[in-house]
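Q: I am new to this structure and would like a close look at a single part of it. Please take me through its core, and tell me what sits around that part.

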Amino acid sequence: QTTLEASSKIINPNTFILTAHKSKGLEYQNVELGNDFQYKIEGESIELTAEEARLIYVAVTRAKHNLYANGIADFLMALQKGFRLNITRD
């Protein structure tokens, strides 16, 4: 039984803990991201695979109102600073 299946028996749950993979296609009022995404920041470059880039996109687009992105704060700051994004094929 998955987390979503088990939690569906709870009326109005306050919190779900999901992987980005499991959250695909779902939306929540508030989303907090962990720090388990696989990317590397070296110099002024961000290295990650295409699959990881898609996964980060899925994760950050689940929030309807608030996204707490502390887990990828360094990634977002590097993007904001204009670091080069190098995405490798899977």
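A: Here is a walk from the whole chain to the core, and then out to its surroundings.

This is a predicted model, so local features are described only at pLDDT of at least 70 and side-chain atom pairs only at pLDDT 80 or more, while totals for chains, interfaces and linings use all residues. Residues are numbered from 1 along each chain as its sequence is written, and side-chain values use heavy atoms, with hydrogens and water left out.

The chain has 4 helices and 5 strands; these are DSSP runs numbered from the N terminus, with at least four residues for a helix (H or I) and at least two for a strand (E). Read from the N terminus, the order is α-α-β-β-β-α-β-α-β. Of the 90 residues, 28% are buried, where buried means under 20% relative accessible area, exposed means over 50%, and partly exposed lies in between (1.4 Å probe, protein chains only). Contacts, meaning heavy atoms within 4.5 Å, often reach far along the sequence: among those between residues at least 6 apart, 69% join residues at least 24 apart.

Now to the core itself. In soluble globular proteins, nonpolar side chains tend to be buried together. A nonpolar core is defined as a set of buried Ala, Val, Leu, Ile, Met, Phe, Trp, Tyr and Cys residues joined through side-chain atoms within 4.5 Å. The largest one here has 16 residues, and Leu 33, Phe 37, Tyr 39, Ile 46, Ile 56, Ile 72 and Phe 75 have the most contacts inside it. Two or more residues come from each of strand E1 (28-32), strand E3 (45-49), helix H3 (50-60) and helix H4 (73-80). Helix H3 gives the most, with 3 residues.

Let us stay with helix H3 for a moment. Its buried residues are Ala 50, Glu 52, Leu 55, Ile 56, Val 58 and Ala 59. They pack against H2, E1, E3, H4 and E5.

Phe 75 is a good next stop. Setting aside residues up to four places away in sequence, Phe 75 touches Tyr 39, Ile 41, Ile 46, Leu 48, Ile 56 and Leu 85. Both Tyr 39 and Phe 75 are buried.

Rings deserve a look of their own. A pair of aromatic rings is described by the distance of the centres and the angle of the planes. Rings of Phe, Tyr and Trp (its six-membered ring) pair if their centres lie within 6.5 Å; planes under 30 degrees apart count as stacked, over 60 as edge-to-face and the rest as tilted. The structure holds 2 such pairs. Phe 16 and Tyr 28 have ring centres 5.4 Å apart and planes at 50 degrees, so this pair is tilted. Phe 16 sits in the loop between helix H1 (3-7) and helix H2 (20-23), and Tyr 28 sits in strand E1, so the pair links distant parts of the chain, 12 residues apart. Phe 16 is partly exposed, at 31% relative accessible area, whereas Tyr 28 is buried, at 17%. For Tyr 39 and Phe 75, the centres are 5.0 Å apart and the planes are at 50 degrees, so that pair is tilted as well. Tyr 39 lies in the loop between E1 and strand E2 (40-42) and Phe 75 in helix H4, so the pair ties together parts 36 residues apart in sequence.

Finally, here is what sits around these parts. In strand E1 you will find Gln 29, which is partly exposed, at 39% relative accessible area. Its C-alpha lies 4.8 Å from that of Lys 64, although the two are 35 residues apart in sequence. The side chains of Gln 29 and His 65 make a polar contact of 2.9 Å, that is, a pair of N or O atoms within 3.5 Å in which, within protein, one must be able to donate a hydrogen and the other to accept it, with residues adjacent in sequence counting only if both atoms are side-chain atoms.

Helix H3 also carries charged residues. Glu 51 forms a salt bridge with Arg 54, with the closest N and O atoms 3.2 Å apart; the term means a side-chain nitrogen of Lys or Arg within 4 Å of a carboxyl oxygen of Asp or Glu. Both residues lie in H3, 3 residues apart, about one turn of the helix. Glu 51 is partly exposed, at 33% relative accessibility, and Arg 54 is partly exposed, at 44%.
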